[in-house]
Amino acid sequence: MPEIKVTPLGAGQDVGRSCILVSIGGKNIMLDCGMHMGYNDDRRFPDFSYITQQGRLTEFLDCVIISHFHLDHCGALPYMSEMVGYDGPIYMTHPTKAICPILLEDFRKITVDKKGETNFFTSQMIKDCMKKVIPLNLHQTVQVDDELEIKAYYAGHVLGAAMVQIKVGSESVVYTGDYNMTPDRHLGAAWIDKCRPDILISESTYATTIRDSKRCRERDFLKKVHETVERGGKVLIPVFALGRAQELCILLETFWERMNMKAPIYFSTGLTEKANHYYKLFITWTNQKIRKTFVQRNMFEFKHIKAFDRSYIDNPGPMVVFATPGMLHAGLSLQIFRKWAGNEKNMIIMPGYCVQGTIGHKILNGQKKLELENRQTLEVKLQVEYMSFSAHADAKGIMQLIRMAEPRNMLLVHGEAKKMEFLKDKIEQEFSINCFMPANGETSTVATNPSVPVDISLNLLKREMALGGPLPDPKKPRTMHGTLIMKDNSLRLVSPEQALKELGLSEHQLRFTCRVQLQDAHSDSDTHIRIYTHLKSVLKGYTIQHLPDGTVMVESIVIKVSSSPEEPNTKVLLLSWSYQDEDLGSFLSTLLKKGLPAALSSM
Amino acid sequence: MKLYCLSGHPTLPCNVLKFKSTTIMLDCGLDTTSVLQFLPLPLVHSPRLSKLPGWVSKDGTINLEKELKECAGRVFVDSQPEFCLPERELLDLSTIDVILISNYHCMMALPYITEHTGFTGSVYATEPTLQIGRLLMEELVNFMERVPKAQSATCWKNKEIQRVLPGPLKDAVEVLTWKTCYSIQDVNSALSKVQLVGYSQKVELFGAVQVTPLSSGYSLGSSNWIIQSHYEKVSYVSGSSLLTTHPQPMDQSSLKNSDVLILTGLTQMPTANPDGMLGDFCSNLAMTIRAGGNVLVPCYSSGVIYDLLECLYQFIENANLGSTPFYFLSPVANSSLEFSQIFAEWLCHNKQSKVYLPEPPFPHAELIQTNKLKHYPSIHGDFSTDFRQPCVVFTGHPSLRFGDVVHFMELWGKSSLNTIIFTEPDFSYLDALAPYQPLSMKCVYCPIDTRLNFHQVSKLLKEVQPLHVVCPEQYTQPPPSQSHRSDLMLELQPPPMPYRRCSVLGLPFRRRYERIHLLPELAKSLVPSEIKPGVSLATVSAVLQSKDNKHTLQPVPKPLPLPPSKKRKRVVEEPPEVLAPKPLLSGSVPLEAFLAVLHKVRVSLKTLNTYLAC
């Protein structure tokens, strides 16, 4: 029986270094190729030796698909394609293709230039890797080869994020990447049609959270920023350059405008201006409202938000600063944090998820003393606020997506094991489908039961549909007969007559005849009538005829009676039927062997 | 399978395909050449136009001086301009299931089809087609509504009267179906029925038919369509281009193996080379400006104008025209320029890679930024204060009957220093200029039509090899003005099937097979036997299920077992319910083996011999 296998190399019961292998219909697909922010060693990248111990990956993979530009989904791509070795196609959407190399370069710079790591991918490798990328459009069916096709759906989450459907024949898998089921200030909600995949592989970051209304969270956020600025404090918001940052900028921009606020808002430079430009050019990927009004007013041209310079860190007075990266694991955001952490007037707002091992994760867990490199410690006095703005589907959203796509099986990745467990139970209860949650390196197997496509002759089909009437009767199903011709990989279903004609075969006639002796004290013609009456009463719903020459016919079975003048009461019944009527024929011979009931009224 | 042809215009097609119980409309082009019979609608009062004499027949019996005006020997209708609609009587428009749109020029009749006709289906188009199509419709409505005309002329349409009118009005066809422009409400309602599709997206219609748009290379988001079932394939080719301009290149290979290819929208200028025309355009423009004159370019607000601006972007520096102002006037000028920059996915590779930098794909962004190109919604407002001459003005409508272009014709027509350069191929420039005669301004005709020419199309057809080609009758003979040019027509084997307005063609199709699915349990129960080398047969007895045009075969359900108490008594008397299928008997009988078996079960050979003998 055909089966689909799913093996996470990363993101199995974990968040970070998403990388999931899928085997379907003889094809192998890698979904995402991310890095782990919480590690600085080998565990940073997925373990590609699972695929092959040595040599390149090209011959083991039919394609690689990247769902969106976050580094935990694409950070290992140049390592995989250029250092391990992969030359096949890599698919991603246009915005992802545009933004992904910038983030990779940024990541490389931090790792190599700042931390001084060697044996890391180079700028040239990022460029070479991106040359292997084929852009995907939404809803376009891309034929990877003759059998494998993929299709992208809108996922919300970040600019250009996509869910992908992978299809071989009638088997299919949908991988959600990260997605968001409620529209936000700059992106729309994820959508998929009722494609009934064999497996739906979903992220489950917020498997147990049901988030309160977005508006409340926004009001909360603005209130906190406002209060801090009013009392002269500084607000640090660590973000990734693209995504949440733009949403919060739109939020603050409109608030500053409305409240006529004067305190400066800064955005760490370089990446960001460029980032806003990407949003302008890819406006078709944003939400309805922004798309509708972009000609009059482009939401990504900010009036109040200015570029940040390192020298502003020590400026007196209140300010709001957006700085990268979002988990405080390196870079400018960490640098600013160190300077501002000691003052209780200041505030840090963490608008997204932080993986274990990062400073972001530590302070969110209430750690008040941080150990830095070279044995320094940092006291955290500023206020720490966590506001979940990350655009992931919550439990409600995940259930909603299941209802949309109607999968036969569910598989959870990109979440914490405990939370997954909870959601798994809920899914299995509510939808009565299997739900898997494999750990990294563990394989989940789902048997599929594909139906067999066959070409049916239109004559046969039309005849059957005409006979069957407009509505089939569930109690009395009509059986149709046909002959399946298997020739050169083609399967054709035609009427038996057509099959013989086509193949130049003549049908053999096979007839059975049988004699049954019977004691019946009547004339031959009366016996005929008695048999006719008897069979009429036993065989309801069959055509029984009494022919003029005395013969009785049941469907196509002929029954004749003869007797010798010597023993007129011993009748010899001669039964004859064709091979097609074998069942009825042998039934009749058994029945008649038992004799005719005495009480038959002769007509 | 049938094709109903509702438009006779080869580049503004409107056909309806009936295929496997679906009714699919292919494009709904609006023939706007009818407006050439009308007087221009001036934006400000024009003494010249209002003084034109009315028309009275020579013998004085017919007096239509209120409706018809004479200008330079031609007669024009003085009324709100009207368009020639697709045929609406040939079939019931409410039975149309879907409308497939190939490009924004071929959807202008949409409100006439979807509104007030009982239409309940949906419309499929790409996002750029929808957005730019919306702009062009809004522009058209705006042009009409901002200069309302009180009177509407109808008497001249009377058959008896039209017969005696001077040409070309006498020869105008289908005048009774002509209609004035739709309203903005109709546009919004019609466009709300559009469902967006992407290239190579497979859209299922009622489970019976699959339609797929393919890039056609002609304009932003323009598409050809594949309409297919598992066994039949119809390609609809409309407005396609193989030239490298701004749109994504044409997808040719997906058109292969078509049973029928419906071919419309070839170039209207088969003898004009677009590159040469572009060169002429630039040199005439430069010449006029240097001589101190103004240049007027009547054009649509989207399409070739992007290429013209790109060409000028490179040209103006070299030609030393850096200080000449370029104006683009249209109620949708700003939107058109902005929209062109956000459809990177639909652009050619070169432009696509620009957004990765990130830079706007079209250089007109830079022309606007450096103030070389300015755009205004109309001649009123800011434009009147900014206006400097000599200058270059791009504005609509290319028919010269309405829009801001009418104003510039009145303003600049008197001076021979000025030049009007025609770039759009949809209207005869002589007819367009007729109501402005006598005219002193120079006229240059540089029609740029990037659609396929006859040479390209015959090469394409050789490559994709459709079994049958259907095309407008105009393509099966050389153009009337160049009747000796046998290279300007389609010559194919078998010859193409021509259509004209109101034709109904039976397409040569024989459907013989349909897709059916055997459920895995049924497939497993089959016993194939090899009849000939490589050919196996299996007898199938199953229950047919047909739902949403999808067919499946499932195993015959086993009869319910009888309650055990009665079972023994009745088991013999129950006649067999289901006739188990018997394999077909054919081929040679292995006689030796057969006899051996019979011997084993003790059938005497003698009896057998008597049987075989009879």
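Mentor: Two strands pair if DSSP finds at least two bridges between them, strands being DSSP runs of E with at least two residues and helices runs of H or I with at least four, both numbered from the N terminus. This is a predicted model, in which local features need pLDDT of at least 70 and side-chain atom pairs 80 or more, while totals for chains, interfaces and linings use all residues. Residues are numbered from 1 along each chain as its sequence is written, chains are lettered from A and ligands numbered from 1 in the order written, and side-chain values use heavy atoms, without hydrogens or water.

Trainee: How do you know that β15(B) pairs with β17 (residues 392-395) of chain B?

Mentor: Four bridges join these parallel strands, with B:Phe326 opposite B:Val392, so the requirement of at least two is met. Four bridges also join β15(B) to β16 (residues 373-376) of chain B, again in parallel, and there the partner of B:Phe326 is B:Leu373.

Trainee: Which way do the side chains of β15 (residues 326-329) of chain B point?

Mentor: B:Phe326 and B:Phe328 point one way, B:Tyr327 and B:Leu329 the other, and all are buried. In a regular strand the side chains alternate between the two faces of the sheet.

Trainee: Why does A:Gly482 count as buried or exposed?

Mentor: Its relative accessibility is 1%, and buried means under 20%, exposed over 50% and partly exposed in between, with a 1.4 Å probe and protein chains only; A:Gly482 is therefore buried. This residue of β24 (residues 479-487) of chain A has contacts (heavy atoms within 4.5 Å) that include A:Leu460, A:Val494 and B:Thr539, leaving aside neighbours within four places in sequence.

Trainee: Why are α3(B) and α5(B) called roughly antiparallel?

Mentor: The axes of α3 (residues 127-145) and α5 (residues 184-191) of chain B come within 10 Å and cross at roughly 165 degrees. Angles over 145 degrees count as roughly antiparallel, under 35 as roughly parallel, 65 to 115 as roughly perpendicular and the rest as oblique, so the two helices are roughly antiparallel. Among the residues making the contact are B:Leu130 and B:Met137 of α3(B) and B:Ile184 and B:Leu191 of α5(B).

Trainee: What makes β7 and β21 of chain A edge strands?

Mentor: In the open sheet of seven strands, ordered β7-β8-β9-β10-β11-β20-β21 in chain A, β7 (141-143) and β21 (434-436) each pair on one side only. Three bridges join β20 (residues 409-413) of chain A to β21(A), and A:Met410 stands opposite A:Cys435.

Terms used: Axes are lines fitted to C-alpha atoms, for helices over the stretch in contact, and angles run from 0 to 180 degrees between N-to-C directions.
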